[in-house]
Structures are given as structure tokens and as C-alpha cells.
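Q: Please take a close look at the spaces inside this structure, and tell me what lines them. I would also like to hear about the cysteines, and I am happy to read a long answer.

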Amino acid sequence: MNYVLSKDWSEILKNRFPYEYKKNLFSWLENEYNNNTVYPPKEKIFNALNLVPLKNVKVVIIGQDPYHIKGQADGLAFSCHNGTPQPSLKNIFKEISDDLGISMSSSTDLTPWANQGVLLLNTSLTVIEHKPSSHSNELWHTFTREIVKILNEQDTPIVFMLWGNHAKSFIPFLNNPKHLILTANHPSPFSAYSGFFGCKHFSKCNKFLIDNGLSPIDWKI
């Protein structure tokens with residue numbers, strides 16, 4: 001199996017997990033990819049980490065699991081490979097436009113955000129086709145919690161955008177006063193009008209970064 005994880009994150013994570021855990025995770029993944037149609041492609045599983053070295057992380061946006069339709073999942077939370085914006089991403093773009101007064105393009109590939117230090121981290125990094133949350137299990141949750149703990153330990157200020165109860169469940173692991181935690185309802189059509197729209201997280205994020213001597217994120221896609 002071609003599990004691609006950057007040298008940067010491999011070095012950071014090598015002593016954070018017991019051998020038995022790593023063995024179980026990769027054995028389970030191999031079985032899942034061999035017996036099911038799983039997204040994203042195996043070389044994209046760790047795409048979010050591979051695009052953003054730890055020292056470059058400025059912002060963390062936490063999603064749930066990858067898109068479960070062929071051609072969509074690219075390893076980045078909320079990002080869509082095939083250019084078809086999903087409802088939550090549409091609402092994210094609407095909030096950015098309303099918050100910052102900018103027009104968003106038709107692209108749904110969020111790699112430009114990652115290239116600026118936005119870690120788009122799903123809680124579960126894989127999913128079975130047409131079965132949302134099918135890989136929402138303790139193997140992936142253990143992995144994601146450890147990533148969040150590592151981020152919390154950093155001295156450089158980081159903005160955490162936690163949308164919805166699932167993302168907010170990571171708050172207990174974020175106790176470093178250097179970081180900014182922004183919470184809102186999930187951008188899903190079911191909840192966006194009840195607390196996501198109008199949250200102004202993107203302008204708040206950039207103000208915090210500038211106030212801490214860091215360059216702001218260009219959110220325009």
C-alpha cells in the first residue's frame with residue numbers, strides 16, 4: 001500500500017503512537033482498500049498533512065470525513081476535487097464573501113489555502129463509497145486527536161475554526177492560551193442559518209494573525 005506521509009510529519013509522529021496502534025491502523029486500511037471502494041485514493045489519505053508542514057500551520061479547520069462520492073475527495077476537509085461544490089462548501093464561500101466582501105471563483109479545490117498554512121483536517125481520513133461516517137472509528141479518532149494535541153503544543157499562534165459539535169469536541173485538547181479558538185454551527189444547510197452565517201471567522205482569523213505578526217490568509221479561491 002502506498003501510504004504517503006511527508007518526512008516532516010513522519011518524524012514528528014514516529015514516537016507518538018504505540019507500535020500496536022500503527023500496526024492495527026495500517027492493517028485495517030489495507031483490508032478496507034482491498035475489499036471496498038474507499039476514498040480518497042490511498043496516496044491522498046494524508047494530503048492535508050503533506051501540504052502543510054507543522055512549522056507552517058497558521059489555521060486549522062476540522063471536518064468530519066471525506067466526501068463519499070467518486071471523484072470528490074482529495075484528502076482536504078471540505079475541498080472537492082472535481083469542481084462540484086458541495087452544500088457546506090457553498091456556504092463557506094458565501095460566508096467568506098459576506099465577511100470579506102470578495103467574490104469567490106468556481107474552483108472547489110482548497111489547495112491554495114493549504115499552501116498558505118491552512119490545515120484542512122478531517123477527523124476520519126477515509127470513507128467507504130456511498131457510506132458517510134463508515135470509517136468514523138477510534139483508529140482514526142486517536143490519530144486526529146494526537147495531531148490536535150501536537151498543534152496545541154506549538155508556541156506559534158494558531159487559529160482553530162471549529163464548526164459544529166463534532167469539531168467542538170476537540171476543545172478539551174486545546175488549552176494553549178497562545179491560540180485562538182473560533183466556534184460556530186456547522187456550515188451544512190441544516191445549521192448554517194443558525195450560527196454559521198455571520199460568524200465572521202475569516203476576518204477574525206486574519207486580524208488575529210496580523211496582531212501576532214503573521215501574514216493573513218488570502219481566502220479568495
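A: What follows goes through the enclosed space, then the open pocket, and then the cysteines.

The model is a predicted one, and every value below is computed from it. To begin with the enclosed space, the structure holds 1 cavity of 30 Å³ or more, and the volume of the largest cavity is about 50 Å³. Going along the chain, the residues that line this cavity are Ile45, Ala48, Pro66, Gly75, Leu120, Leu121, Asn122 and Leu125. Among the elements of the fold, strand β3, which covers residues 118–122, gives the most to this lining, with 3 residues. If the lining of the largest cavity is sorted by chemical character, 6 of its residues are nonpolar and 2 are polar, while no charged residue takes part.

The open space comes next, and here the largest pocket holds about 560 Å³. This pocket is lined by 26 residues, of which Asp65, Tyr67, Phe78, Ser88 and His186 are the closest to its centre. The lining of the largest pocket can be sorted in the same manner, and it divides into 11 nonpolar, 13 polar and 2 charged residues.

One of the residues just named, His186, can be followed a little further, to a partner elsewhere in the sequence. Asn165 is separated from His186 by 21 residues in sequence, and the distance between them in space, C-alpha to C-alpha, is 7.8 Å. Asn165 itself has its place in helix α7, which runs over residues 164–168. With a relative accessible area of 67%, Asn165 counts as exposed, because the cut-off for that word is over 50%.

The cysteines are the last part of this look. In general, a disulfide is a covalent bond that joins the sulfur atoms of two cysteines. To be counted here, a pair of cysteine sulfur atoms has to lie within 2.5 Å, and by this rule the count comes to 0 disulfides. The reason can be followed from Cys199, because its closest cysteine sulfur, which belongs to Cys205, is 11 Å away and therefore too far for a bond. Seen from the other side, the sulfur of Cys205 has its closest cysteine sulfur in Cys199, again at 11 Å and too far for a bond. As for their surroundings, Cys199 is buried, with a relative accessible area of 8%, and Cys205 also counts as buried, at 0% relative accessibility. Both values can be read against the cut-off for buried, which is under 20% relative accessible area.

Notes. Residues numbered from 1 in each chain as written. Predicted model: local features only at pLDDT ≥ 70, side-chain atom pairs only at ≥ 80, totals over all residues. Heavy atoms only, no water. 1 Å grid on protein atoms, 1.4 Å probe; cavity = no way out; pocket = protein on both sides within 12 Å on 5 of 7 lines; lining within 4 Å. Points joined across faces, edges and corners; volume = space filled by probe spheres on them. Helix = DSSP H or I, 4+ residues; strand = E, 2+ residues; numbered from the N terminus. Nonpolar A, V, L, I, M, F, W, Y, C, P; charged D, E, K, R; others polar. Buried < 20%, exposed > 50% of the residue type's maximum accessible area, 1.4 Å probe, protein only.
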